[in-house]
Amino acid sequence: MDTVTDFTPNRPKTKPTGRHPSNALSAAFLRSAPPGRYADGNGLYLFVQPSGTRSWIQRLVVRGRRRELGLGSVALVPLAEAREKALANRKLARDGGDPLAEKRRAEGIPTFAEAASRVLEQKRDGWRGRRSHREWMASLRRYAFPRIGKMPVSEVTSADLLEILTPIWHRKASSARRVRQRLRVVLEWAVAMEYRIDNPCDRIGPVLGPQHDVIEHMRALPHREVAAAIRTVQAATAPDMAKLAFEFLVLTAARWSEVRWAEWAEIDREAGVWTVPARRMKANRKHRVPLCDRALEILEAARTLGEGSGPLVFSRRGGKPLNDKELRWLVREQGIAAVPHGFRSSFRDWAAEETDHPREVIEAALAHVVRNRVEAAYARSDLFERRRRLMDDWASYLAVGSRGPDRSVDPR
């Protein structure tokens with residue numbers, strides 16, 4: 001950008017001393033001025049390029065930052081109109097407004113909040129979880145919108161992002177990482193839409209520094225205490241459907257979101273198979289779950305209790321799904337030192353410590369993705385029948401309490 005030097009007709013090409021110029025230019029000078037920048041007053045300059053093109057530029061200090069606004073070509077904006085615009089802009093800046101932001105908003109550049117909404121709409125159909133879009137937007141509303149929500153997406157700077165992230169970068173490390181990722185996505189969209197030329201998220205990493213948050217695992221029970229936890233829940237004064245869902249979750253080693261949204265159409269009771277569609281699986285891949293005898297009994301009890309009122313296996317009155325935190329509340333109220341997801345860890349520990357089932361069978365039962373690419377390329381089978389024996393052993397272990405499964409069972 002050219003360095004601005006104030007020029008006025010018949011004066012040396014240096015910044016004038018004393019009072020600032022006011023209406024210093026004339027219509028005749030506009031036509032004859034050589035290349036350069038010439039001050040008129042209120043930060044308004046005539047900019048004459050070497051090619052002869054003449055336009056208006058205004059320099060202002062907006063919220064402590066020096067800004068430069070283009071006010072149009074001299075051929076389209078006469079001197080009097082340029083002065084009116086310059087005066088209005090100066091008044092707006094003095095009152096704390098941003099003339100450039102107002103200009104760009106008028107040209108259709110969305111605010112950061114509007115850009116986030118557009119990005120959310122584009123991504124919504126690709127998300128598997130039904131609450132992902134709520135969590136995505138809620139984090140931005142909480143942390144980002146108070147600072148930059150009403151700001152044009154083109155005006156967001158790395159300083160703005162640091163103001164948002166610094167207070168939570170170490171205190172709420174995981175939340176801060178998610179917010180940063182979502183900020184990056186919105187601003188990358190703005191770059192793709194040519195509302196801006198860069199993504200300020202790319203410059204803030206060294207300033208924020210490394211995080212040293214300690215990874216905390218989901219609270220889980222030792223596998224020897226899981227049977228007692230099931231009995232505790234069965235004896236609780238809680239909704240019967242929630243108690244059935246809890247035991248089903250433990251027996252299948254499934255995730256709560258998979259159990260909560262399980263549908264009758266996914267259950268083949270004759271074959272003893274529950275087929276979870278890819279859209280509800282974390283790995284975005286269809287997963288078949290073998291159902292032991294006790295799991296089938298739970299399904300029959302759920303059908304009787306629900307009276308076939310809807311497509312969901314475990315539902316409240318009217319076929320509505322159980323509350324997202326239903327099982328978390330249930331185990332907490334019973335004094336069980338675990339969260340629902342932690343029972344997958346209990347199952348994993350039992351399988352590794354108390355059985356001879358191969359690791360790949362155990363991982364397949366948990367629907368874990370094979371990380372090694374070469375190994376994954378050859379892992380064409382879901383080891384279903386071997387997993388059925390594993391889950392039957394797990395059900396037997398829970399049925400007898402702390403005593404392990406029959407070691408005479410051939411895990412192959």
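Is lysine 243 buried or exposed, and what is the relative accessibility of this residue? In the predicted model, lysine 243 has a relative accessibility of 13% and counts as buried, because the cut-off for that class is under 20%. The side chain of lysine 243 forms a salt bridge with that of aspartate 240, at an N to O distance of 3.5 Å. Both residues belong to helix α11, which spans residues 240-252. They are three residues apart, about one turn of the helix. Aspartate 240, at 44% relative accessibility, is partly exposed. The pair thus joins a buried lysine to a partly exposed aspartate.

The protein consists of 412 residues, of which 46% count as buried. Its secondary structure comprises 18 helices and seven strands. Among contacts with a separation of 6 or more, 58% are made by residues 24 or more positions apart. The accessible surface amounts to about 23100 Å². Carbon and sulfur atoms contribute 49% of that surface.

Side chains of opposite charge can pair when their charged atoms come close. In the model the count of salt bridges is 19. One of them is formed by glutamate 68 and arginine 37, with an N to O distance of 3.0 Å. Glutamate 68 is located in strand β4 (residues 65-73) and arginine 37 in strand β1 (residues 36-41), so this salt bridge ties together parts that lie 31 residues apart in sequence. Arginine 37 has a relative accessible area of 5% and is buried, whereas glutamate 68, at 25%, is partly exposed. Arg37 and Glu68 also belong to a network of salt bridges that includes Arg59.

A further salt bridge links lysine 85 and glutamate 81, at 3.8 Å from N to O. These two residues are four positions apart in helix α2 (residues 79-94), so about one helical turn separates them. Lysine 85 is partly exposed, with a relative accessibility of 33%. Glutamate 81 is likewise partly exposed, with a value of 32%.

Strand β4 also contains arginine 65. The relative accessible area of arginine 65 is 40%, which places this residue in the partly exposed class. When residues up to four places away in sequence are not counted, arginine 65 touches Leu60 and Thr157.

Glutamate 326 is a buried charged residue without a salt bridge. The nearest side chain of opposite charge is that of arginine 316, at 5.4 Å. A salt bridge requires a separation within 4 Å, so the distance to arginine 316 does not meet the criterion. Glutamate 326 lies in helix α14, which covers residues 326-333. Outside the neighbours within four places in sequence, the contacts of glutamate 326 are with Pro239, Ala242 and Trp256.

Backbone geometry was also examined. Most residues other than glycine have a negative phi, and most peptide bonds are trans. Asparagine 42 has a positive phi, near 60 degrees. This residue sits in the loop between β1 and β2, the latter strand covering residues 44-48. Asparagine 42 is partly exposed, with a relative accessible area of 29%. Alanine 253 also has a positive phi, near 55 degrees. The position of alanine 253 is in the loop between α11 and α12, where α12 covers residues 256-260. With a relative accessibility of 2%, alanine 253 is buried.

Alanine 253 is also one of the residues that line the largest cavity. Rolling a probe the size of a water molecule over the atoms shows where empty space is left. The structure contains two cavities of 30 Å³ or more. The largest cavity encloses about 40 Å³ of space. Its lining includes Thr252, Ala253 and Ala254, together with Glu258, Met281, His287 and Val289. Arg344, Ala365, Leu366 and Ala367 belong to the lining as well.

Conventions. Residues are numbered from 1 along each chain as its sequence is written. This is a predicted model: local features need pLDDT of at least 70, side-chain atom pairs count only at pLDDT 80 or more; totals for chains, interfaces and linings use all residues. Side-chain values use heavy atoms; hydrogens and water are left out. Buried means under 20% relative accessible area, exposed over 50%, partly exposed in between (1.4 Å probe, protein chains only). Lys and Arg count as positive and Asp and Glu as negative; His and the chain ends are not counted. Contact means heavy atoms within 4.5 Å. Accessible areas come from the Shrake-Rupley method with a 1.4 Å probe; for residues, only the protein chains shown count as cover. On a 1 Å grid over the protein atoms alone, a cavity is a set of points where a 1.4 Å probe fits but cannot get out, and a pocket is an open set with protein on both sides within 12 Å along at least five of seven lines; lining residues have an atom within 4 Å of a point. Grid points are joined across faces, edges and corners, and a volume is the space filled by probe spheres set on the points.
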